[in-house]
Amino acid sequence: KRSAAKLQDMRTVRKVCVVDEHILMAFAGLTADARVLVNKARLECQSHRLSLEDAPTIEFITRFIAQTKQRYTQSNGRRPFGISTLIVGFDEDGSPRLFQTDPAGTYSAWKANAIGGPRAKTVR
């Protein structure tokens, strides 16, 4: 079990966020960085729905998150995002999709995966 500060309520730590009504994102790393990325992804989902009148695909949002991470990694004066993410959801045809992004901005599709800590090594 992970140790926490004595005054911190462990029930308030959320590592899984809803990005859209059919897309969830789990992360390992800095919570503040994840909050920024989740807000950017939610805004992109809303923009996609407004302009195309259709829900964004999981790969579209994954590509957006990966491009954002990669842009922060290569730009001067900005710190790269310190999180790895698992983006999961269902496509329009009902098939489940799972993608992983790393802090450098690369993404890949998986059937099953785990991130963060020593548990990530057991899956591979």
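The exercises below, each with a worked solution, concern a predicted model.

**Exercise 1. The nonpolar core**

Determine which residues have the most contacts inside the largest nonpolar core, and which elements give two or more residues to this core.

*Solution.*
Step 1. The largest nonpolar core holds 19 residues. Those with the most contacts inside it are Val19, Ile23, Met25, Ile61, Ile65 and Ile87.
Step 2. Two or more residues of this core come from each of strand 1, strand 2 (23–29), helix 1 (31–52), helix 2 (58–74) and strand 3 (83–90).
Step 3. Ile23 serves as an example. Beyond its neighbours within four places in sequence, Ile23 is in contact with Cys17, Val18, Pro56, Thr57, Ile58, Ile61, Ile87 and Val88.

**Exercise 2. The surroundings of Ala41**

Establish whether Ala41 is buried or exposed, and list the residues that Ala41 touches, not counting those up to four places away in sequence.

*Solution.*
Step 1. Ala41 belongs to helix 1.
Step 2. The relative accessible area of Ala41 is 0%. The cut-off for a buried residue is under 20%, and Ala41 is therefore buried.
Step 3. With residues up to four places away in sequence set aside, Ala41 touches Val19, Ile61, Phe64 and Ile65.
Step 4. A distance may be added: 10 Å separates the C-alpha atoms of Ala41 and Val18, which lie 23 residues apart along the chain.

**Exercise 3. Strand pairing around strand 3**

Describe how strand 3 pairs with strand 2 and with strand 4, and explain why strand 3 is described as largely enclosed.

*Solution.*
Step 1. Strand 2 and strand 3 run antiparallel and are joined by seven bridges. In this pairing, Ile23 stands opposite Gly89 of strand 3.
Step 2. Strand 3 also pairs with strand 4 (residues 96–101), in the antiparallel sense and over six bridges. Here the bridge partner of Gly89 is Arg97 in strand 4.
Step 3. Gly89 thus appears in both pairings, opposite Ile23 and as partner of Arg97.
Step 4. Five residues lie between the strands in the hairpin of strand 3 and strand 4, where Gly94 takes a positive phi near 90°.
Step 5. Strand 3 is largely enclosed by the rest of the structure because six of its eight residues are buried.

**Exercise 4. Salt bridges across the chain**

State how many salt bridges the model contains, and characterise the pairs formed by Asp20, Asp33 and Arg97.

*Solution.*
Step 1. The count comes to five salt bridges.
Step 2. Asp20 forms a salt bridge with Arg49, with the closest N and O atoms 2.8 Å apart. The pair links distant parts of the chain, with Asp20 in strand 1 and Arg49 in helix 1, 29 residues apart. Asp20 is buried, at a relative accessible area of 12%, whereas Arg49 is partly exposed, at 27%. Asp20, Glu21 and Arg49 are linked in a network of salt bridges.
Step 3. Asp33 and Arg79 meet through their side chains in a salt bridge of 2.8 Å, N to O. This pair too links distant parts of the chain: Asp33 is in helix 1 and Arg79 in the loop between helix 2 and strand 3, 46 residues apart. Asp33 counts as buried at 6% relative accessibility, while Arg79 is exposed at 52%.
Step 4. Arg97 forms a salt bridge with Glu59, the closest N and O atoms being 3.9 Å apart; the cut-off is 4 Å. Arg97 in strand 4 and Glu59 in helix 2 are 38 residues apart. Arg97 counts as partly exposed at 27% relative accessibility, and Glu59 likewise at 28%.

**Exercise 5. Two features involving exposed residues**

Identify the residues that make the nonpolar surface patch of about 310 Å², and examine the phi angle of Glu53.

*Solution.*
Step 1. The patch is made by Val16, Val18, Leu24 and Val88.
Step 2. Val16 is found in strand 1 (residues 16–20). Val16 counts as exposed because its relative accessibility is 54%, and the cut-off for an exposed residue is over 50%.
Step 3. Glu53 lies in the loop between helix 1 and helix 2 and is exposed, at 74% relative accessibility.
Step 4. Most residues other than glycine have a negative phi. Glu53, which is not a glycine, has a positive phi of about 55°.

Definitions and conventions. Residues numbered from 1 in each chain as written. Predicted model: local features only at pLDDT ≥ 70, side-chain atom pairs only at ≥ 80, totals over all residues. Heavy atoms only, no water. Patch = residues over 30% accessible without salt bridge, like charges linked within 9 Å, V, L, I, M, F, W, Y side chains within 5 Å. Areas by Shrake-Rupley, 256 points an atom, 1.4 Å probe, with all protein chains shown as cover. Helix = DSSP H or I, 4+ residues; strand = E, 2+ residues; numbered from the N terminus. Buried < 20%, exposed > 50% of the residue type's maximum accessible area, 1.4 Å probe, protein only. Core = buried A, V, L, I, M, F, W, Y, C linked by side-chain atoms within 4.5 Å. Contact = heavy atoms within 4.5 Å. Pairing = 2+ DSSP bridges.
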